[in-house]
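Welcome to this tour! Open your viewer, get ready to select residues by number, and let's walk through the model one stop at a time.

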Amino acid sequence: MFDDKTILITGGTGSFGKKCTQVILERYKPRRLIIFSRDELKQYEMAQDFPKEKYPVIRFFIGDVRDKERLERAFLGVDYIIHAAAMKHVPAAEYNPTEAIKTNIDGARNIINVAADKGVKKVVALSTDKAVNPVNLYGATKLCSDKLFTAANAFTGAGCRFSVVRYGNVLGSRGSVVPFFIKKKAEGVLPITDPRMTRFWISLEDGVDLVLRAFERMHGGEVFVPKLPSMNIMDLAAALAPECKTEVVGIRPGEKLHEAMIPAEDSRHTIDLGDHFIILPDSAFWDHPLRGKVGTPVPEGFEYNSRDNDQWVSVEEMRAMLKSQGFDV
C-alpha cells in the first residue's frame, strides 16, 4: 500500500525512524519518503547512510512538531504519516514538564489538525506502555496524546483516519537499559533498580512491522497492542553480562515495578485477535466497524501487564536476540 505514495515520519532520525526508513525502502517503492525532525546533525548523519544517489525518494525536512506552520508546509501532498517524534526521557520530562507537554501533547494536536486540513489519508502514532496508568509526566503526556489521536476520528471528518500503536521497551534503542548495561560492563557492576522489576520487550524490526501492518488494518480510533514477552531485570542482566556483579540502587522517581499495556478499565472494549489486541474507541460519537464483528472480547477486568504475562524471554533467548541485533554479549 506504500508504493507510489508519499510517507512522512516525524522523529525520523531516531532509532525507530531509521529502521522504519530502511524497511520501507527495502519492501516498497514510495514516491517520496520524508524524514521530519529538528536535529540537523542527526539528519546529516542519516543522509550518509541513505545517500541521495542511491535513495532519490528521501527528503530531509527540518522542523518541530510544535511548529504548526512548518507542519503545514511539510504535510503538503503527504498520504501517510508515522508519528514517532516525542520527548521520551522520563527524568528529563519530570524536570522540564512544560517542554514535554509542548512536544508530546501540543505536537500531537498540531499533527492532527494539519493532517486533516492537508488531506492526509492515514496517521499512525507511536505510544508506550508508560501511557497506561501513568505515574510519570512522560506517560501522562503520551496517554493524552493517545486520547487525542483516537478522538480525532470523531471530529476531523472522514477524510483522514488516526490510530495508535502501543508497545513496550524496544531492544537496543537509544536511552534503553541495554546500551546502558553494556556500557557499565567495563566497570564490573550493573546497577539494578529493583530485582522484581519486569518489562515487555520488542525488537526494533518487530516494532516497525507492527506499525506498517497497522496502516493496512486500521479503520480509525484503534489502539493496537502486540502480544509481547516479558523479562525480569535480573535475567536481562545475566543475559548481557553474566560475569558482572549487581548492585541494587533503588527504583527511580516516576518508575514502576511492572508495566501494563492494557488497563483493566479498557477491558470492556478490547478484543483479542490472536497475535495482538485492539482497544476499540470508547466513544458515544460513532460505532466502530469492528465492534462485534471480529476477534474475541477479553474478559471484563482483564489487564495485560508484564508481571502476569504468559510469555517470557529466557536468558538464552535474550542473548540470541541481542547477538542478532549486533550487540557483543
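Select Asp-4 to begin: with a relative accessible area of 47%, this residue counts as partly exposed, because buried means under 20% relative accessible area, exposed over 50%, and partly exposed in between (1.4 Å probe, protein chains only). Asp-4 sits in the segment before β1 (6-10). Helices (H or I, at least four residues) and strands (E, at least two) are DSSP runs, numbered from the N terminus.

Before moving on, a word on what you are looking at. This is a predicted model, in which local features need pLDDT of at least 70, side-chain atom pairs count only at pLDDT 80 or more, and totals for chains, interfaces and linings use all residues. Residues are numbered from 1 along each chain as its sequence is written, and side-chain values use heavy atoms, with hydrogens and water left out.

**Two unusual backbone angles**

Stay on Asp-4 for a moment. Its phi is near 60 degrees, a positive value in a residue other than glycine. Most residues other than glycine have a negative phi.

Now jump to Asn-133, in the loop between β5 (122-128) and α6 (137-155). What is phi near in Asn-133? The value is near 45 degrees, again positive in a residue other than glycine. Asn-133 is partly exposed, at 41% relative accessibility.

**Along α6 and its partner**

From that loop, select helix α6 and then Cys-144 within it. Cys-144 is partly exposed, with 29% relative accessibility. If you also select Thr-21, 123 residues away along the chain, you will find the two C-alpha atoms separated by 27 Å.

Next, add helix α5 (residues 97-117), which packs against α6 at an angle of about 15 degrees, the axes being 9 Å apart. Axes here are lines fitted to C-alpha atoms, for helices over the stretch in contact, and angles run from 0 to 180 degrees between N-to-C directions. So α5 is roughly parallel to α6, since angles under 35 degrees count as roughly parallel, over 145 as roughly antiparallel, 65 to 115 as roughly perpendicular and the rest as oblique.

Which residues make the contact? Contact means heavy atoms within 4.5 Å. Among them are Ala-100, Ile-101 and Asn-104 of α5, and Cys-144, Leu-148 and Phe-149 of α6. By class, this contact of α5 with α6 has 14 nonpolar, 4 polar and 2 charged residues. Ala, Val, Leu, Ile, Met, Phe, Trp, Tyr, Cys and Pro count as nonpolar, Asp, Glu, Lys and Arg as charged, and the others, Gly among them, as polar.

**Three helices in turn: α7, α9 and α10**

Select helix α7 (residues 177-184) together with α9: their axes come within 10 Å and cross at roughly 50 degrees. The two helices are therefore oblique to each other. Show the side chains of Val-177, Val-178, Phe-181 and Ile-182 in α7, which meet Ile-233, Leu-236, Ala-237 and Leu-240 in α9. This contact of α7 with α9 has 8 nonpolar residues, no polar ones and no charged ones.

Keep α9 (residues 233-240) on screen and add α10, whose axis comes within 9 Å of the α9 axis and crosses it at roughly 55 degrees. That makes α9 oblique to α10. On the α9 side, the contact is made by Asp-235, Leu-236, Ala-238, Ala-239 and Leu-240, and on the α10 side by Val-315, Met-318, Arg-319 and Leu-322. These residues divide into 7 nonpolar, no polar and 2 charged.

Now step to Asp-328, in the segment after α10 (315-324). Is Asp-328 buried or exposed? Asp-328 is exposed, with a relative accessible area of 66%. Select Ile-182 as well: the C-alpha atoms of these two residues are separated by 8.5 Å, although they are 146 residues apart along the chain.

**Into the cores**

A nonpolar core is a set of buried Ala, Val, Leu, Ile, Met, Phe, Trp, Tyr and Cys residues joined through side-chain atoms within 4.5 Å. The largest has 71 residues, of which Phe-16, Ile-82 and Tyr-167 touch the most other members. Helix α8 (residues 204-217) gives this core its largest share, 7 residues. A second, separate core of 19 residues includes Val-178, Ala-239, Val-313 and Leu-322.

For a last stop, select Thr-193, in the loop between β8 (189-192) and β9 (198-202). Thr-193 counts as buried, at 15% relative accessibility. Leaving aside neighbours within four places in sequence, Thr-193 is in contact with Val-248, Val-249, Gly-250, Ile-251, Arg-252 and Glu-255.
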